[in-house]
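Trainee: Could you take me through a single part of this structure in detail? I would like to look at the largest cavity and what lines it.

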Amino acid sequence: MTTPEEYSDFFKIKHRVPALIDGVRLDKHLGDILKNESISREKVKKLIKDGFVTVDDEKCIKPKNKIFTGMKIIITIPQVQNDINPEEGDVEILHRDNDIIVINKEAGLTVHPCPSCPEGTLVHRLAHSVPQITQMEGLRPGIVHRIDKDTSGLLIVALNEKTRLTLSDAFAERIISKEYLALVHGTPPESGEIMEPIGRDPKMKVRMAVVPESKEAHSSYRTLYSDPKGKFSLVAVKIFTGRTHQIRVHMSHIGYPIWGDTLYGGGVKENSPLAPYASRQMLHAWKLDFEHPTTKETMSFTCQPPQDFLALIERLTVSVQRVALTGMPGCGKSVVLSALAEKGIATWSADSIVNKLYENGADGWYVLRGRFGSDVSPDEGPVNRKVLFARMQEKKSSRNEVQQLVHPLILHDLMRFWQEHAADPFAVAEIPLLHESHWDRDVDIIAGVRCDKESRQSRLQKVRGWDEDLIATMDSWQWTEDDKMKACHIILENNGSLEALNQSVDKFIDAILRVRTKKLQQTIDAITVLWSN
């Protein structure tokens, strides 16, 4: 136990118990008279227990001792002993006066020292940039509330003990308004109240969870913006209680975990293209309203989220543009696809996948053999296309069966292609039966290749050896060219030279990039307006 004699710097308060004070507890009486000195009752109790208080010149170490009128009390108040070592580091101070500072804490910075983080905290930086906080004792000088290490945003810090006590009471009484921005998975309703109790997760001690009969917890949210594809939403969450990880637990509990929150289901896999953009939970304390503890002035602060918020929004908004290339047989789709590939664009061809599926022993070979036997899928060699085509011509039902067997295999490979190129600005898939198979629902941009009928038929006869009957049959299994082109966003004309086609391809790429940029800018503008108002 530390004694007064061990301090070289201290001051003493001498007090005579006034009239009508009879049988009052010592700690209560001293708490009342020291309130203006910004000394809490708990600190008074510690001073008494540590021998810093005498009553009628006798040391008194029992806070509950009774005092009476006329007693002489001397309280020795030692100079604060603070073990915080100042450390250099950036602190963004938004407001400062004699009593408080309001700061914008960066993500990744722990607020105050703890066993797992004894140094390198916000408090250590404040001890360097605002040294007066070291005049308060303990490892949390001036800290009246905190936010998680990986949460960014607004914090109030008291600059003296009196202010600290006043703000602590205000937080305890829930009269300080705090609102956060969160990027969550999915599309929540427009607004909602969450009043589920929160306690330590019985299955994983490092987590909190909704646990019956635990501490009450109250959050409300409003959805500011939802991505049209349902990938993310920006929500504003207001908290009325201050439970550990409250917003993270509550949003996860209702099915909309926060992006990047690995502890509560919102994280992404390490090898995901999104991993660099969601390296922390996307939670930001953006609004703070309170009464100034001294002037009683209403104080309101807002703080836009850091760049990583926008970076993730951009990444989620402009994930690979799925571009489908379609058209009639012989229109030149393959030539366009090759031109795109030569320019470094990721490409995929349904016809190439069919060729692989029809190889001996491949999945397509097996499913067709199971249905049509060895005539279609012989023991030696790939699928016999002539026999298969003949069966498809005989009966429409056979053609439908082939499509039902083979198309899911093609679609599976197409989904793999989109996933592999999720980080690309756009990728292009050549899909002749895009509309007929109803795969147009899964793409962002549809590009059609068109050429005049005579050129198209001439190419099919010379390159593929098709006669007029075969061309007519294949055309009959598809939408008409006019209907296909009407359903496209972009049309590439292929009636001229190869040079002209290449120029069309360049314009095609520019058009896609413009669509991508416009979509991104619209999203960013809409969201920026929301958190600027």
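Mentor: Happy to; here is the cavity, from its volume to its lining. This is a predicted model, in which local features need pLDDT of at least 70, side-chain atom pairs count only at pLDDT 80 or more, and totals for chains, interfaces and linings use all residues. Residues are numbered from 1 along each chain as its sequence is written, and side-chain values use heavy atoms, with hydrogens and water left out.

Rolling a probe the size of a water molecule over the atoms shows where empty space is left. Here a cavity is a set of points, on a 1 Å grid over the protein atoms alone, where a 1.4 Å probe fits but cannot get out. Grid points are joined across faces, edges and corners, and a volume is the space filled by probe spheres set on the points. The structure has one cavity of 30 Å³ or more, and the largest cavity holds about 40 Å³ of space.

Its lining, meaning residues with an atom within 4 Å of a point, is made up of H145, L154, K178, E179, Y180, A285, K287 and L288. Two or more of these residues come from each of β10 (177-185) and β16 (283-291); strands are DSSP runs of E with at least two residues, numbered from the N terminus. Sorted by class, the lining has four nonpolar, one polar and three charged residues. In that sorting, Ala, Val, Leu, Ile, Met, Phe, Trp, Tyr, Cys and Pro count as nonpolar, Asp, Glu, Lys and Arg as charged, and the others, Gly among them, as polar.

Conventions:
1 Å grid on protein atoms, 1.4 Å probe; cavity = no way out; pocket = protein on both sides within 12 Å on 5 of 7 lines; lining within 4 Å. Helix = DSSP H or I, 4+ residues; strand = E, 2+ residues; numbered from the N terminus.
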